[in-house]
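Let's walk through this one together, a question at a time. Have a look at the model first, and then we can begin.

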Amino acid sequence: MIEYIKGELTELTPAIAVLEAAGVGYELNISLTTYSAIQGKASGNNAAETKKNVKLYVYESIREDAHVLFGFVSKKEREMFLLLITVSGVGANTARMMLSSMSVAELCNAISTGNARLIQSIKGIGKMTAQRIIVDLRDKIVALGIQDEIPAGGTMQAAVNNAVRDEAVAALTMLGFAPAPTQKVVVAILQQQPELPVEQVVKQALKQIK
């Protein structure tokens, strides 16, 4: 499996990026989010430097009739893409369309608040599919840490200390608590008291987890 490709950017369109690495040109399907991020890097560096430093995380779609690569500017975007394609009715191109229409944070917010109407506004997403996305992914985006900055109420807040969060969730999981509700509680605690050490986060979480 290809984790990422880092190399010279030889072609860029809103849908495709071509990276050359070790003499091989890789064509990657990208979202508008990734396209904008690559363009942003280009505007902040000289052209030659930018070409040498483009790095995209990869998902390989292998079918009988094609071998297609998808590229993502961040692991978070790739994780969201992988979750989206697990939902019945959402294929790779539809998932890419969703990530082109909304950022990962915006998608997380829509899913966590059950905003089916907003998800339906994306081309190719009908009412039933929007509802399936919410039902299937609401807990998963929390369990995988994609929704770090969005508490249960769905309001965007400051990012938490990921190291403390991960250690606290791991400790609570070992005690037998489910990861998804545990992470919600831990994130909420750290957003209110970001300087708390792990042991204090765990103690407070034990009082709140149901």
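Q: How much area does the chain expose, and what share of it do carbon and sulfur atoms supply?
A: A word on the basis first: this is a predicted model, where local features need pLDDT of at least 70, side-chain atom pairs count only at pLDDT 80 or more, and totals for chains, interfaces and linings use all residues. Residues are numbered from 1 along each chain as its sequence is written, and side-chain values use heavy atoms, with hydrogens and water left out. Accessible areas come from the Shrake-Rupley method with a 1.4 Å probe, and for residues only the protein chains shown count as cover. The chain exposes about 11100 Å², and the share from carbon and sulfur atoms is 52%.

Q: In what order do the five strands close into a barrel?
A: Strands here are DSSP runs of E with at least two residues, helices are runs of H or I with at least four, and both are numbered from the N terminus. Two strands pair if DSSP finds at least two bridges between them. The pairing in this barrel is mixed, and the order is 1-2-3-5-4.

Q: Which residue in strand 4 is the bridge partner of Tyr 4?
A: Strand 1 (residues 4-12) and strand 4 (residues 54-62) pair in the antiparallel sense over four bridges. Ile 5 has Leu 56 as its bridge partner in strand 4. For Tyr 4, the partner is Tyr 57.

Q: Which residue of strand 5 stands opposite Ile 62?
A: Strand 4 and strand 5 are antiparallel, with six bridges between them. A hairpin of four residues joins the two. Opposite Ile 62 stands His 67.

Q: Why do the buried residues of helix 8 lie on the same side?
A: Buried means under 20% relative accessible area, exposed over 50%, and partly exposed in between (1.4 Å probe, protein chains only). In helix 8, the buried residues are Val 164, Arg 165, Ala 168, Val 169 and Leu 172. They share one side of helix 8 because the arc they cover around the axis, taken from the directions from the helix axis to the C-beta atoms, is only 125 degrees.

Q: Which residues are exposed on the other side of helix 8, and which glycine follows helix 8?
A: On that other side, Ala 163 and Met 174 are exposed. Helix 8 is then followed by a residue with a positive phi, near 105 degrees: Gly 176.
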